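Here's a quick briefing to help you find your way around a protein model. Take a look at the sequence and the structure, then read on.

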Amino acid sequence: MNISLKLLLGLLLISVVSVNSYSQNDTTKIKRIDNETNQTKSTNQLKAKSLNIKANPNSQIDLTIDKKLNTAAIDKNLNENKANRNQNFMLENLPEDNDIIGKKYWKGKDVTHQKLASNFSLGTVNSKTKTVKVECRDYSYVDGDRIRIYVNEQVVSDNIGLKANYYVYYINLEKGYNRIDFQALNQGLSGPNTAELTLYDANGNLISSKEWNLETGQTATLGVLHN
């Protein structure tokens with residue numbers, strides 16, 4: 001009986017000692033983990049502080065890039081291109097075209113040097129006065145017909161809209177033959193381009209009364225002789 005009691009007490013003692021030893025080992029592991037965590041935090045804090053360092057405005061900066069570039073050659077090239085740049089690049093550059101302001105096109109074709117051609121003749125009349133009055137209107141349905149007037153192949157009135165009322169234009173004649181052209185710019189909503197033309201001298205005398213029916217681009221020509 002005494003032997004059994006002693007044996008039981010011995011086992012209990014061994015158990016208590018084992019538990020205490022295990023607890024101490026776990027505590028040591030926890031402390032070790034805490035130390036490693038604190039060490040990691042302190043290292044990250046040091047890194048964060050190091051990133052907040054401000055640049056010294058008095059520090060020397062290398063600005064020697066110009067030495068690697070041939071800036072003199074670049075400036076020379078720019079100045080040469082600037083001097084050769086044509087400010088009037090839309091105008092004619094040939095010597096024989098100095099009196100022409102740009103190219104003239106009609107239906108995609110170059111007509112710069114093409115003379116005005118007449119499609120219909122309205123006859124030739126005489127005027128004893130130097131000044132004549134031209135009146136023209138759309139005698140048919142007013143549908144937006146537009147014309148251009150030339151005197152001796154020079155534009156004197158451009159983009160005229162023909163209405164029910166007369167469009168009036170006065171012309172100063174030269175001695176001899178004077179050519180008056182009426183060019184259709186469109187055919188309105190219902191072609192062709194229709195117009196009624198009357199011509200008076202400075203005394204109010206009716207010299208001519210004509211009509212035309214033109215397609216777009218076509219020209220009707222009236223000749224006036226002034227003595």
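In which strand of the protein chain is confidence lowest, and in which is it highest? The low point is strand E1 (residues 105-106), with a mean pLDDT of 50, and the high point is strand E4 (residues 131-137), at 97. Keep in mind that this is a predicted model, so scores like these tell you how far to trust each part.

**Confidence**
- Averaged over the protein chain, pLDDT comes to 74, and 57% of the residues score at least 70.
- Residues 86-103 are a stretch to treat with care: pLDDT stays under 50 there, and the model has 14 contacts for them beyond four places in sequence.
- Where pLDDT is low, you shouldn't read the predicted coordinates in detail.

**Overall layout**
- The protein chain has three helices and eleven strands.
- Walk along from the N terminus and you meet the three helices, then the strands: α-α-α-β-β-β-β-β-β-β-β-β-β-β.
- Of the contacts with a separation of 6 or more, 72% link residues 24 or more positions apart.

**Inside and outside**
- The protein chain has 227 residues, and 25% of them are buried.
- About 17,100 Å² of the protein chain is exposed, with carbon and sulfur atoms supplying 53% of that area.

**Salt bridges**
- Side chains of opposite charge can pair when their charged atoms come close.
- The structure holds four salt bridges, and here are some of them.
- Glu-196 and Arg-137 pair through their side chains at 2.9 Å, N to O. Glu-196 sits in strand E9 (residues 193-201) and Arg-137 in strand E4, so this pair ties together parts that are 59 residues apart in sequence. Glu-196 counts as buried at 15% relative accessibility, while Arg-137 is partly exposed at 22%.
- Arg-148 and Asp-158 form another salt bridge, at 2.6 Å, N to O. Arg-148 belongs to strand E5 (residues 146-151) and Asp-158 to strand E6 (residues 154-161), so the parts they tie together are ten residues apart in sequence. Arg-148 is buried, with 19% relative accessibility, whereas Asp-158 is partly exposed at 45%.
- Arg-179 and Asp-181 also meet in a salt bridge, at 2.8 Å, N to O. Arg-179 counts as buried because its relative accessibility is 17%, under the 20% cut-off. Asp-181 is buried too, with a relative accessible area of 0%.

Notes:
Residues are numbered from 1 along each chain as its sequence is written. This is a predicted model: local features need pLDDT of at least 70, side-chain atom pairs count only at pLDDT 80 or more; totals for chains, interfaces and linings use all residues. Side-chain values use heavy atoms; hydrogens and water are left out. pLDDT is the predictor's confidence in each residue, from 0 to 100. Helices (H or I, at least four residues) and strands (E, at least two) are DSSP runs, numbered from the N terminus. Contact means heavy atoms within 4.5 Å. Buried means under 20% relative accessible area, exposed over 50%, partly exposed in between (1.4 Å probe, protein chains only). Accessible areas come from the Shrake-Rupley method with a 1.4 Å probe; for residues, only the protein chains shown count as cover.
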